[in-house]
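Here's a quick briefing to read with the model open beside you. Take a look at the structure first, then go through the points below.

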Amino acid sequence: MYKLFFQLVFKRMDPERAHHLAFRWIRLAARVPVLRTFAAAALAPRYEELRTEAFGLRMHGPFGLAAGFDKNAVAIDGMSMLGFDHVEIGTVTGEPQPGNPKNRLFRLVADRALINRMGFNNEGSAAVAERLAARRPVFRTTVGVNIGKTKAVPEAEAVADYVKSTERLAAHADYLVVNVSSPNTPGLRDLQATESLRPLLSAVREAADRTVTGRRVPLLVKIAPDLADDDIDAVADLAVELGLDGIIATNTTIARDGLGLRSDASLVKEAGGLSGAPLKERSLTVLSRLYARVGTRMTLVGVGGVENAEDAWQRILAGATLVQGYSAFIYEGPFYARAVHKGLAARLAASPYATLAEAVGAETRKAAQ
Ligand SMILES: Cc1cc2nc3c(=O)[nH]c(=O)nc-3n(C[C@H](O)[C@H](O)[C@H](O)COP(=O)(O)O)c2cc1C
């Protein structure tokens, strides 16, 4: 039914308008107790065997919503109601900003992909922190807070901008993500070079420890799929050295390799980050490489082209403890997260592994033998 609705309604609308409309419905539904209770009972993960622990946090299941969908933390309960067990809000920047001019989001339907150059449109760290502080959660959801650089802030002052966001947001975050991998903020991805990344991650760690007492906020870094293999290794080594809790692989790509000839050529040429099915292979390769490098010394989060339970299972076998999705939610609709959790439970039951944790990295370990 959703697919028919997508073809008849969403596909004919401007993608960003369709996003806002769907988002409004989700938020509305989450405000009506009977609707949200019914939806959560039908969609939320409830498989004992999928219970997951990641960086000291207990979760009902491994699958969550990737950053960028709920940039301002307005729909955490709504997304949780739809079965995403963790919700990564943001990217939030130090200061509010409008993002790039529209049009900035494009659907490549035949390729089950999106291209976006949103440019971190968000209300800024102060407003989002205030919203999170006032939040009265209905569901127990793990909330990740993804932070990035304000466009107007010069690159030389990037660290201070991330630190400002950390000071405001860390107390409200179950885990914190330093995003240095979106292709739509000029210079941002240069921060992935270890000489820039080292002071940045150290400063964010220090700011989180200074502002949050009584617990250590897990800190992760999110990387691009376009890094060369040596650079992936360098980030992995640095993350281990700095005692980071995890790495999220990957953000969108500036490459256009995975696209077939199906999509409209003028859309393919749009500038921005490509996500969805064409990103699948590269994201999986980056994840396997990271796991081969860091093993169990930190938690890996697999994201990029996860369309279904089989894709999520492959990420787990490659080394991911948590898996996320965004683009496939647009194409698959409200039953996406449920289908992933349900299919994962079936795959685990049919596998030789007694627990999900045992399956994490099993394929990558096998390949290394
Ligand atoms: C419209 C759109 C906006 C996004 N915004 C962000 C963002 O603000 N911060 C971020 O870290 N990732 C952002 N992403 C990247 C996703 O979190 C994810 O890493 C990427 O889309 C790959 O996953 P997917 O193939 O399941 O979409 C965005 C993706 C899309 C499609």
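What follows covers the aromatic contacts and then one strand with its neighbours.

Keep in mind that this is a predicted model. There are 10 aromatic pairs in it, and one of them, Phe 23 with Phe 69, gets a closer look here.

**Aromatic rings**
- Phe 23 and Phe 69 have ring centres 5.4 Å apart and planes at 80°, so they make an edge-to-face pair, the cut-off for that being over 60 degrees.
- Phe 23 sits in helix 2 (residues 15–31), while Phe 69 is in the loop that links strand 3 (63–65) to helix 4 (76–81), so this pair ties together parts 46 residues apart in sequence.
- Phe 23 has 8% relative accessibility and so counts as buried; Phe 69, at 4%, counts as buried too.
- Both rings belong to one aromatic cluster, made up of Phe 23, Phe 63, Phe 69, Phe 84, Tyr 326, Phe 329 and Tyr 336.

**Strand 10 and its neighbours**
- Strand 10 (residues 246–249) is covered on both faces: Gly 246 and Ile 248 are buried on one side, Ile 247 and Ala 249 on the other.
- Strand 9 (residues 219–223) runs parallel to strand 10, with 4 bridges between them, and Ile 223 has Ala 249 as its bridge partner.
- To get from strand 9 to strand 10, the chain goes through helix 8 (residues 229–241), giving a right-handed β-α-β crossover.
- Strand 12 (residues 299–303) also pairs with strand 10, in parallel and through 4 bridges; here Ala 249 has Gly 302 as its bridge partner.

Note on methods. Residues are numbered from 1 along each chain as its sequence is written. This is a predicted model: local features need pLDDT of at least 70, side-chain atom pairs count only at pLDDT 80 or more; totals for chains, interfaces and linings use all residues. Side-chain values use heavy atoms; hydrogens and water are left out. Rings of Phe, Tyr and Trp (its six-membered ring) pair if their centres lie within 6.5 Å; planes under 30 degrees apart count as stacked, over 60 as edge-to-face and the rest as tilted. Helices (H or I, at least four residues) and strands (E, at least two) are DSSP runs, numbered from the N terminus. Buried means under 20% relative accessible area, exposed over 50%, partly exposed in between (1.4 Å probe, protein chains only). Two strands pair if DSSP finds at least two bridges between them. A crossover is right-handed if, with the strands pointing away from the viewer, the path from the first strand over the helix to the second runs clockwise.
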